[in-house]
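Reader: Please take one part of this model and go through it closely, from the overall layout down to single residues. I would like the cut-offs stated wherever a term depends on them.

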Amino acid sequence: MNSPPLLGLSASSGRMGIKVAWASLDGVGKEEHMDEDEIEGGKRKFLEVVQNIDGSVQVVIPVTPSNSMFLISLTKGANRKFITVPEDDMIDLPNETSIQAKVTKTIKDAIAAL
């Protein structure tokens, strides 16, 4: 499939990462957020928190959020529990202690239910 030629391109950065917007000659505007590095940092921190609580728990984190939420699977033996973490919390997890405390409590509660 051929993409229409670009009419304009702009990029800006902010709390949610780099936002890229463009318009094509067919009049269709597009916008995309590029915050993969921030999300990856949050995923690493999430895994670290889980491992500090219980190293035997297996974690599956989706590559991308759905409706700005990550549906995360925690498994221990034959037991599985799902938790949701907002995309913004995942981004802020490495750097904000209040988010770390909130997510850690959610993880501890889920692991206790396994």
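**The sheet and its helices**

Author: The chain contains three helices and six strands (DSSP runs numbered from the N terminus, with H or I over at least four residues for a helix and E over at least two for a strand). The model is predicted, so local features are given only at pLDDT of at least 70 and side-chain atom pairs only at pLDDT 80 or more, while totals for chains, interfaces and linings use all residues. Residues are numbered from 1 along each chain as its sequence is written, and side-chain values use heavy atoms, with hydrogens and water left out.

Along the sequence, the elements come in the pattern β-β-β-α-β-β-β-α-α. The chain has 114 residues, and 30% of them count as buried (under 20% relative accessible area; exposed is over 50%, and partly exposed lies in between, with a 1.4 Å probe and protein chains only). Among contacts in the chain with a separation of 6 or more, 32% come from residues 24 or more positions apart; a contact means heavy atoms within 4.5 Å.

The part to look at is the open sheet, which three strands form in the order 4-5-6 with antiparallel pairing. Two strands pair if DSSP finds at least two bridges between them. Strand 4 and strand 6 are the edge strands, each pairing on one side only. From one strand to the next, the twist averages 25°. Helix 1 packs on this sheet and touches strand 4, strand 5 and strand 6, with its direction at about 25° to that of strand 5. Helix 3 also packs on the sheet, touching strand 5 and strand 6, and its direction makes about 165° with that of strand 6. Here axes are lines fitted to C-alpha atoms, for helices over the stretch in contact, and angles run from 0 to 180 degrees between N-to-C directions.

Now the pairings. Strand 4 covers residues 58-60 and is joined by three bridges to strand 5, residues 69-76, the two running antiparallel. Strand 5 is in turn paired with strand 6, residues 79-86, in the antiparallel sense over eight bridges. S73 of strand 5 is a useful reference point: V60 stands opposite S73, and the bridge partner of S73 in strand 6 is F82. Further along, K76 has N79 of strand 6 as its bridge partner. In a regular strand, side chains alternate between the two faces of the sheet.

The loops come next. Strand 5 and strand 6 form a hairpin with two residues between them, and G77 in the turn has a positive phi of about 65°. G77 is exposed, at a relative accessible area of 70%. Its C-alpha atom is separated by 8.8 Å from that of Q58, 19 residues apart along the chain. The loop between strand 4 and strand 5 holds N67 and S68. N67 has a positive phi of about 50° although it is not a glycine, and it counts as exposed at 74% relative accessibility. S68, not a glycine either, has a positive phi of about 65°; at 45% relative accessibility, S68 is partly exposed.

Last, the two helices. Helix 1 (residues 36-53) and helix 3 (residues 97-112) pack at an angle of about 50°, and their axes are 10 Å apart. That makes helix 1 oblique to helix 3; angles under 35 degrees count as roughly parallel, over 145 as roughly antiparallel, 65 to 115 as roughly perpendicular, and the rest as oblique. Their crossing is right-handed, meaning that the near helix is turned clockwise from the far one by less than a right angle, whereas anticlockwise would be left-handed. Helix 1 contributes K45, F46, V49, V50 and I53 to the contact, and helix 3 contributes Q100, V103, T104, I107, K108 and I111. These contact residues divide into seven nonpolar, two polar and two charged (Ala, Val, Leu, Ile, Met, Phe, Trp, Tyr, Cys and Pro count as nonpolar, Asp, Glu, Lys and Arg as charged, and the others, Gly among them, as polar).
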